[in-house]
Amino acid sequence: MFKLNLKIAFRNLIKNRVYAAINIGGLALGLTGFVLLLLFINHENNYDKWDSKLENVYQVREFLNLSTPDNRPHWQELNNSRNAEMLKKSIPQFKYVTKIDNDWGDVLSIKAGLADPLVLKGFVNADSLFFKVFPYQFLQGNQNNALQSPNSVVLKRSVAKLLFGTDEALGKTIKIFMWKGDPGTSYTVTGVVEDPLASESLKFNAILHNGEREKDPENLNVTTPCKIYGLVNTAIDTNALNKTINIAHFDYKNKLYGEAKNKDVSRSTSAPILKIIPLKDVHRNPPFAKNWVDKIKPVVALSIFLLLISVINFINLATAQSVQRAREVGVKKVLGTSKKQLVWQFLFEVAIQSLFALFISIALVELLLPAFSTNFDAQLSFWHNAKLVSILFQLFAVFIIVTLLAGLYPAAVLSNYNPIAVLKGNYEHSFKGIALRNGLVIVQFAIAATFVISIGVMQSQTNFLVNKDLGFDRSHLINISTNYDDRFAERIKKIPGVQYVATTTQVMGNTFNVSEKVVYKSNTFDFNTVTVTMETLPALGVHLVSGRLFSKEYKQDTVNTVVLNEAAAKLLGKNIVGQDYDVLDEKRKYTFRIVGVIKDYHNESFDKTVLPTIYKVTHLGGMSSTNNLLVRFNTDNYQHMIESVRLEWMKIYPEFPMIYTSGEAAFQAQILSDKRFMEMITLFSAFSILLSLLGLFALSAFVSKRRTKEIAVRKVLGASNFQIINMLNRSFLVLIVAANVISWPIAYIVMNKWLQGFAYRVDMPFAPFVFATIISLIIAVFTISIQARKAAVSPPVKALKYE
């Protein structure tokens, strides 16, 4: 029986090869999106699962406002380093607690022997207990003493090979230059660890140990933020332990600072400021950013919709073709075949097509995987995936589900035919079947129209962002990753074409927010403070609203004058230029005079509003390290000038490379994720429209074929070709219009929610809705008319003679 069903299945595929190709191709496209989604979900779920011991590792987070995007407290990975000592002394559940410097993404210059320096990231400083908490596999060295000596380093195997050409690096020396002008520090390789196969939330290339993380600053007013991780002895109740940690934290700070100075004591223990989270949840809950689950939600929806359209295509064509299989079903039923056997036969045929589609989709996945990986900034792989066996089981489950979704209803329709009616020829008209197909066509085109509308709205928002006045001039501007150095600045100012050289803590691509409370007319305001030099605001090309900018002509500008942006000025009131405000310190009061107001300028992504900001040159009230050196050129052709700047850099800092980004590149980086998302929507939209049109093309061809006799009679009675085409078009166009009517509210709700993610956005545009409707109607008319014309121009004699 199996062999017979297999023969019938392949004969039907060959006989109806056009429909089969559309079905298999459609399912392949739908499955491709789903397989890509599975790969990404497996990748994200695999974080920090490279060793079973990691289940007992926890990260400590503190609720504070250190350099937050909005200057408000958030749960952060960075902690006061003293929290580690508190956990060691007060929480017996922790076996080991380690402190790790934050990886700010800075590059280091690494020199191994006589080789040229290499620029690398991920060299992170930690205390001696790091490998007690994290169970990395040591290929060389010993985890118990690898970080005991100062100036020791443990390399990952891949980095050891990069630096020395071999992973036999134990005892060798590297010299690390951490910043420009750094004389360099020699580190001895005391260990080499294996690169884990699974992803890590704590990313590093090497662990340094210089001894600085072993003790906390003696001055209690000085804090050194770091990441803190702990290894617990046994399984714990996280919620209960978090309450214990907060009580212990308050007690510890009381002893350290005294109750009078410990401001946290006044807070209720019901409002915790410390908590621990399992390591496996760290990647899932990043500070200040969307977690991967939120990022993937739109892709999940897109993949489901695309697969749904593929399945709808399959059901439509299968039920439409069921008439051709009716006699086969009737004869088999008369010969004693049961309904269950017929259902299994037709499901078997669908399974063969689904299997072909799955193979094609895997090939498409290999083609699309590089672009998909880039879009989500993840290194995805199919055949070389560590969880390949698990993924293959998941694909098998998807294959079963798709086969059932696509085949169950057509199989039920075919197996339900009444053999007496079929053999009499009364089986072609089924209102239920027609109604279902019409409903599915409406769903299919509603999804496609929603995609088209979404593209239009996204394009409007992207154009708005690209053309938006940023409040500064991003052209002719580069930002070198370094602090301001008078010696270097004076050298490059002499290069022809260099207009300004300045520094700031706030520029697009690298922002360091510092909160400061100011008192103005007895009212207290919380402002963002930005450190600048005299030439910063002109270098940025900001727009002056009132007053003046900083100038060397006014000596007080380096003492107690400030410039505000419009957001800050609006909070203080009108006519504020020339007014004074105070900053209260623990020891004294500083008074500043407002000399100018500038237009708000964007330094972060467009999902955040511009903070009320104060710009100052003075050191009063504290300054911040900028790591931004702005260079503005006064000509369009400035690429060769950048090379001149680089040559001057190498003369002063030969051991450290000059790293820079242009103002335009920094801007493009801010809108990159939105552009990538729009590209993905466009790709899925193209697939969905293509599938919808292929399904409509095949369905209209089948309907035309079924109405051959009717068309012939109409032509004999005098109907023109145009009337015939119009008749066939009309029945489908009603469905397309209905689909667009349904898609409008859906698209509006979805796109309105997407636009709300931007602090600066366009009003919901009307044009994409109209455009999507017109385009879908035009394409549908064109698609249906091709088949309708074939039916209309065929000689009626053939049809009537055949009948």
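A cavity, as I use the word here, is a set of grid points where a 1.4 Å probe fits but cannot get out. The volume I quote for one is the space filled by probe spheres set on those points. The model is predicted, and in the largest cavity about 80 Å³ of space is found.

Let me go through the cavities first. There are 4 of them at 30 Å³ or more. The largest is lined by Gln-506, Asn-513 and Asn-528, by the run His-602, Asn-603, Glu-604 and Ser-605, and by Lys-608, Thr-609, Val-610, Leu-611 and Thr-613. Sorted by class, that lining has 8 polar residues, 2 charged and 2 nonpolar.

The second largest cavity comes out at about 60 Å³. Which residues line the second largest cavity? They are Phe-472, Leu-477, Ile-478, Asn-479, Val-507, Met-508, Thr-661, Ser-662, Gly-663 and Ala-666. Three elements each give two or more residues to this lining: strand E15, residues 477–480, strand E27, residues 660–662, and helix H17, residues 663–670. E15 supplies the largest share, with 3 residues. As for class, the split is 6 nonpolar and 4 polar, with no charged residue.

Now to the elements around that second cavity, starting with the helix. In H17 the buried residues are Gly-663, Ala-666, Phe-667 and Gln-670. Why do these four lie on the same side of H17? Because they cover an arc of only 100 degrees around the axis. The general background is that an α-helix has 3.6 residues a turn, so residues three or four places apart point the same way. Two of the buried residues in H17, Gly-663 and Ala-666, also appear in the lining of the second largest cavity.

Next, the strands. E15 and E27 both belong to an open sheet of 4 strands, ordered E16-E26-E15-E27, with antiparallel pairing. E16, residues 498–502, and E27 are the edge strands, each pairing on one side only. On average, neighbouring strands in this sheet are turned by 20 degrees against each other, with direction ignored.

Within the sheet, E15 pairs with E26, residues 629–633, over 4 bridges in the antiparallel sense. Leu-477 has Arg-632 of E26 standing opposite. Leu-477 is also one of the lining residues of the second largest cavity.

To put the second cavity together: E15, E27 and H17 each give at least two residues to the lining, and the two strands are part of the antiparallel sheet. H17 adds Gly-663 and Ala-666 to the lining, and both are buried.

How values were computed
Residues are numbered from 1 along each chain as its sequence is written. This is a predicted model: local features need pLDDT of at least 70, side-chain atom pairs count only at pLDDT 80 or more; totals for chains, interfaces and linings use all residues. Side-chain values use heavy atoms; hydrogens and water are left out. On a 1 Å grid over the protein atoms alone, a cavity is a set of points where a 1.4 Å probe fits but cannot get out, and a pocket is an open set with protein on both sides within 12 Å along at least five of seven lines; lining residues have an atom within 4 Å of a point. Ala, Val, Leu, Ile, Met, Phe, Trp, Tyr, Cys and Pro count as nonpolar, Asp, Glu, Lys and Arg as charged, and the others, Gly among them, as polar. Buried means under 20% relative accessible area, exposed over 50%, partly exposed in between (1.4 Å probe, protein chains only). The arc is that of the directions from the helix axis to the C-beta atoms. Two strands pair if DSSP finds at least two bridges between them. Axes are lines fitted to C-alpha atoms, for helices over the stretch in contact, and angles run from 0 to 180 degrees between N-to-C directions.
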